[in-house]
Amino acid sequence: MVSKGPLLRLLTAINRRRMKLLMGLAFIAYVASVWGNFVNMRSLQENGEQKVESKIEEAVAPLREKIKDLEKSFTQKYPPVKFLSEKDRKRILLGVYCFNCGLQVFGIQVFSAGLGMNDFDICVLRRDEITKEKVGQKDEKRNVEHWIGHENFELINHDVVEPLYIEVDQIYHLASPASPPNYMYNPIKTLKTNTIGTLNMLGLAKRVGARLLLASTSEVYGDPEVHPQNEDYWGHVNPIGPRACYDEGKRVAETMCYAYMKQEGVEVRVARIFNTFGPRMHMNDGRVVSNFILQALQGEPLTVYGPGTQTRAFQYVSDLVNGLVALMNSNVSSPVNLGNPEEHTILEFAQLIKKLVGSRSEIQFLSEAQDDPQKRKPDIRKAKLLLGWEPVVPLEEGLNKAIHYFRKELEYQANNQYIPKPKPARMKKGRTRHN
């Protein structure tokens, strides 16, 4: 009889080995299962990340395109600039009151007789370094925004009635409102700008050894008794009339310039600017050019004050700018007339604008304004002889450019829910006048 003890022990050993094997296989299966799940999760995660990255790329792609467009606009917004060597470059201060006249200059522009951004454009194109000082109430930022950020341009908000401390080589002192509604609105401020402001600019010129150009005006001749007006004529001005704050302010500004020249040795240039027009004029500044164009475009009556026999001579902005730059860089220290000797009556001018606009507006005659000059025509022989300057832009060509600008401005204003109207001057009996 076989003993059961060894057989049981053998079966027990075999069962234990099987159990261990089964447990090992189960563990391997478990590890394989966990690894598979891990691999699957990793794959899902990678796919998810790819999807997220794809969605982010889809969202960012348009932004990248916009950034590229902005970069292009920033790099291309400035006109080409001519290079000047360091010794030829000048730091120019151009003081600005407002852009009523539409001239384009640069620097710290002290606005008076009507210089505007056209001067600025010319100077920057020569690579001079310009600092532009805003001095008035209605400065149009859109006229300078295309130069903001340019390496040769700096914009300063400053009132010319307060002293300014800056290093410059040339100062274009053009500060002061120039249209009758503007300078009559605040005659005391007009006087301060032309007297205290001029003293501050002359003081700056003295401190830094800069040359100063004063933008004077044909208004220093008043209602002239000499025709045409040359620089030797002393004028015929009412010192207490509604125009006196501007007329006498400019006359005393000229006196200050020559006092500083004689006593302190300051280099001064004086430009007596006659009626000027062009793009970037303030649309409702109340002057004859802007009034007539605006009225004709809007189909309103063209308002003529008096019989319309008063004469004016109108020059285009680019001609004036060239004259100012030529005068600044000349050796001529005595006053120089800058204007167009082509004389027209106000009535002729109104009819010409009607024709160029193609307007059916009527011409409406109103009461004549107080102290309105009856004749205005510059004698520019001095400018021709000493500066080699004279106007070159024909009147109709310049007017067409101004009319085109006004049309665009009316569209812009209409889109912004604002329609400008010609602005009457605040003066005796509520009457306005031509300048």
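Here is a short tour of some strands, helices and a pocket in this structure.

The model is predicted, so a word on the ground rules: local features need pLDDT of at least 70, side-chain atom pairs count only at pLDDT 80 or more, and totals for chains, interfaces and linings use all residues. Residues are numbered from 1 along each chain as its sequence is written, and side-chain values use heavy atoms, with hydrogens and water left out.

**Strands**

Let's start with strand β6, residues 211-217 (helices, H or I of at least four residues, and strands, E of at least two, are DSSP runs numbered from the N terminus). All 7 of the 7 residues in β6 are buried, so this strand is largely enclosed by the rest of the structure. Buried here means under 20% relative accessible area, exposed means over 50%, and partly exposed is in between, with a 1.4 Å probe and protein chains only. In a regular strand, side chains alternate between the two faces of the sheet. Both faces of β6 are covered, with R211, L213, A215 and T217 buried on one side and L212, L214 and S216 buried on the other.

Two strands pair if DSSP finds at least two bridges between them. The table shows the pairings of β6.

| Strands | Sense | Bridges |
|---|---|---|
| β5 (residues 170-173) and β6 | parallel | 4 bridges |
| β6 and β7 (residues 268-273) | parallel | 6 bridges |

For β5, I171 has L212 of β6 as its bridge partner. On the β7 side, A215 stands opposite A271. Strand β5 is covered on both faces too: Q170 and Y172 are buried on one side, I171 and H173 on the other.

Over in strand β1 (residues 91-96) sits I92, which counts as buried at 2% relative accessibility. The C-alpha atoms of I92 and D169 are separated by 5.9 Å, though the two are 77 residues apart along the chain.

**Helices**

Helix α7 (residues 317-328) has 12 residues and reaches 17 Å from its first C-alpha to its last, close to the expected 16 Å (1.5 Å times one less than the number of residues). It's mostly covered, with 9 of its 12 residues buried, including V317, L320 and M328.

L347 belongs to helix α8 (residues 346-357) and counts as partly exposed at 24% relative accessibility. Its C-alpha atom is separated by 9.7 Å from that of F365, 18 residues apart along the chain.

UniProt, in an unreviewed entry, places a "transmembrane region" at residues 21-38. In the model, residues 21-38 are 100% helix and 0% strand, with the end C-alpha atoms 25 Å apart.

**The largest pocket**

A pocket is an open set of points on a 1 Å grid, where a 1.4 Å probe fits, with protein on both sides within 12 Å along at least five of seven lines; lining residues have an atom within 4 Å of a point. The largest pocket holds about 210 Å³ of space. Among its lining residues are Y221, W234, R272 and K382. Helix α5 (residues 244-264) gives the most to the lining, with 3 residues.

Definitions and conventions. Points joined across faces, edges and corners; volume = space filled by probe spheres on them. UniProt positions renumbered as here; feature names shortened; annotations may be inferred.
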